[in-house]
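Trainee: I should be grateful for a close look at a single part of this model. Please describe one helix and its surroundings in a connected account.

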Amino acid sequence: MSLFLANSKQFKNSESAAESRVKFSKVLKCKWGTDPLFLGSYSHIAVGSSGDDLDAMAEPLPKRSKDGDSCPPLQILFAGEATHRSYYSTTHGAYLTGLREAHRLLKHFRVR
């Protein structure tokens, strides 16, 4: 446990030095590892794959035309930790890709 939490008055139930350990009254724990749909799965880059594959997976559908002139309407956007080139398998990768796709929508609809 970090020194910050151990010394924080917010997390102490007592001010005495003898009882200065952090005490929790309630803990919420996920059971992701035993969920039958996921079994603790996470994304990873497979052998022979690269960041280019993650970038391709993050591209919205339908894809832009080859000429670049016509921009089809965005129909499906992909966010999530598995679509971040550098931070796959992380919570901050999921967060950053959510921001990326929100920005993509704002740009597409020309919202400032």
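Mentor: A residue is called buried when its relative accessible area is under 20%, exposed when it is over 50%, and partly exposed in between, with a 1.4 Å probe and protein chains only. Helices are DSSP runs of H or I with at least four residues, strands are runs of E with at least two, and both are numbered from the N terminus. This is a predicted model, in which local features need pLDDT of at least 70 and side-chain atom pairs count only at pLDDT 80 or more, while totals for chains, interfaces and linings use all residues. Residues are numbered from 1 along each chain as its sequence is written, and side-chain values use heavy atoms, with hydrogens and water left out.

The part chosen is helix α2, residues 51–58, where Gly51, Leu54 and Ala58 are buried. These residues lie on the same side of α2, because they cover an arc of only 55 degrees around the axis, taken from the directions from the helix axis to the C-beta atoms. Their packing partner is α3 (91–108); contact here means heavy atoms within 4.5 Å.

At the N-terminal end of α2, serine 50 acts as a cap, with a side-chain oxygen 3.2 Å from the backbone nitrogen of aspartate 52. A polar contact is a pair of N or O atoms within 3.5 Å; within protein, one must be able to donate a hydrogen and the other to accept it, and residues adjacent in sequence count only if both atoms are side-chain atoms.

Aspartate 52 also forms a salt bridge with arginine 85, their closest N and O atoms being 2.6 Å apart. This pair ties together parts 33 residues apart in sequence, since aspartate 52 lies in helix α2 and arginine 85 in the loop between α2 and α3. A salt bridge requires a side-chain nitrogen of Lys or Arg within 4 Å of a carboxyl oxygen of Asp or Glu. Aspartate 55 forms a salt bridge with arginine 85 as well, again with closest N and O atoms 2.6 Å apart. Aspartate 55 is partly exposed, at a relative accessible area of 31%, and arginine 85 is partly exposed at 38%.

The loop between α2 and α3 also holds histidine 84, which counts as buried at 16% relative accessibility. Leaving aside residues up to four places away in sequence, histidine 84 touches Leu54, Gly93, Leu96 and Thr97. Its side chain reaches the backbone nitrogen of tyrosine 87 at 2.9 Å.
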